[in-house]
Amino acid sequence: MIILDDKAGRQIASERGLRIIGLLGIVKDAAQFGLLDLRVTFERLQEAGFWVAPSLLERLLWQQ
């Protein structure tokens with residue numbers, strides 16, 4: 001497994017058959033284990049300059 005958020009890096013890892021997960025996947029998994037509040041964490045990430053499509057955030061929050 002490899003942790004990547006870089007698009008080019010994800011492509012190369014995928015071509016090599018590696019399982020990939022990004023920051024949002026890690027945060028979502030941590031929330032499922034009750035380690036953090038997903039909505040609060042997303043808000044803090046955005047305040048720090050992390051950009052993600054609003055539709056993706058809503059989908060992740062809805063799956064929670």
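This briefing describes the fold, the nonpolar core and selected residues of the protein shown above. The model is a predicted one. Its secondary structure comprises four helices and two strands, arranged along the sequence in the pattern β-α-β-α-α-α. The largest nonpolar core holds 10 residues, and α2, α3 and α4 each contribute at least two of them.

**Overall dimensions and burial**

- The C-alpha trace of the protein extends over about 35 × 25 × 20 Å along its principal axes.
- The protein has 64 residues, of which 27% count as buried.
- Its accessible surface amounts to about 4,900 Å², and carbon and sulfur atoms account for 55% of that area.
- Among contacts with a separation of 6 or more, 18% join residues that lie 24 or more positions apart.

**The N-terminal end of α1**

- Asp6 lies in the loop between β1 (2-3) and α1.
- Helix α1 covers residues 7-15, and Asp6 caps its N-terminal end, with a side-chain oxygen 3.4 Å from the backbone nitrogen of Ala8.
- The side chain of Asp6 also reaches the backbone nitrogen of Gly9, at 2.7 Å.
- Asp6 has a relative accessible area of 46% and is therefore classed as partly exposed.
- Between Asp6 and Ile21 there are 11 Å from C-alpha to C-alpha, at a sequence separation of 15 residues.
- After α1 comes Gly17, which has a positive phi near 80°.

**The largest nonpolar core**

- The core is made up of Leu24, Val27, Ala31, Leu38, Phe42, Leu45, Val52, Leu57, Leu60 and Leu61.
- Helices α2, α3 and α4 each supply at least two residues of this core.
- Leu61, one of the core residues, is in contact with Leu38, Arg39 and Phe42 when neighbours within four places in sequence are left aside.
- Of these partners, Leu38 and Phe42 are themselves listed in the core.

**Val52, a core residue in a loop**

- Val52 is placed in the loop between α3 and α4 (54-63), and it belongs to the largest nonpolar core.
- The relative accessibility of Val52 is 8%, so this residue counts as buried.
- With neighbours within four places in sequence set aside, Val52 contacts Leu24 and Leu57.
- The contact partner Leu24 is 28 residues from Val52 in sequence, while their C-alpha atoms are 9.1 Å apart in space.

**Thr41 and Leu36**

- Thr41 is part of helix α3.
- Because its relative accessibility is 18%, under the 20% limit for burial, Thr41 counts as buried.
- Residues up to four places away in sequence not being counted, Thr41 touches Val27 and Leu36.
- Val27 is one of the residues of the largest nonpolar core.
- Leu36 occupies the loop between α2 (23-32) and α3 (38-47).
- Leu36 shows 30% relative accessibility and so counts as partly exposed.

**A nonpolar patch on the surface**

- Phe33, Leu35 and Leu36 form a nonpolar patch on the surface.
- Together these three residues present about 360 Å² of accessible area.
- Leu36 thus has a place in the surface patch and is also touched by the helical residue Thr41.

Methods
Residues are numbered from 1 along each chain as its sequence is written. This is a predicted model: local features need pLDDT of at least 70, side-chain atom pairs count only at pLDDT 80 or more; totals for chains, interfaces and linings use all residues. Side-chain values use heavy atoms; hydrogens and water are left out. Patches are made of residues with over 30% relative accessible area and no salt bridge: like charges are joined within 9 Å, nonpolar side chains (Val, Leu, Ile, Met, Phe, Trp, Tyr) within 5 Å. Accessible areas come from the Shrake-Rupley method with a 1.4 Å probe; for residues, only the protein chains shown count as cover. A salt bridge is a side-chain nitrogen of Lys or Arg within 4 Å of a carboxyl oxygen of Asp or Glu. Buried means under 20% relative accessible area, exposed over 50%, partly exposed in between (1.4 Å probe, protein chains only). Contact means heavy atoms within 4.5 Å. A polar contact is a pair of N or O atoms within 3.5 Å; within protein, one must be able to donate a hydrogen and the other to accept it, and residues adjacent in sequence count only if both atoms are side-chain atoms. A nonpolar core is a set of buried Ala, Val, Leu, Ile, Met, Phe, Trp, Tyr and Cys residues joined through side-chain atoms within 4.5 Å.
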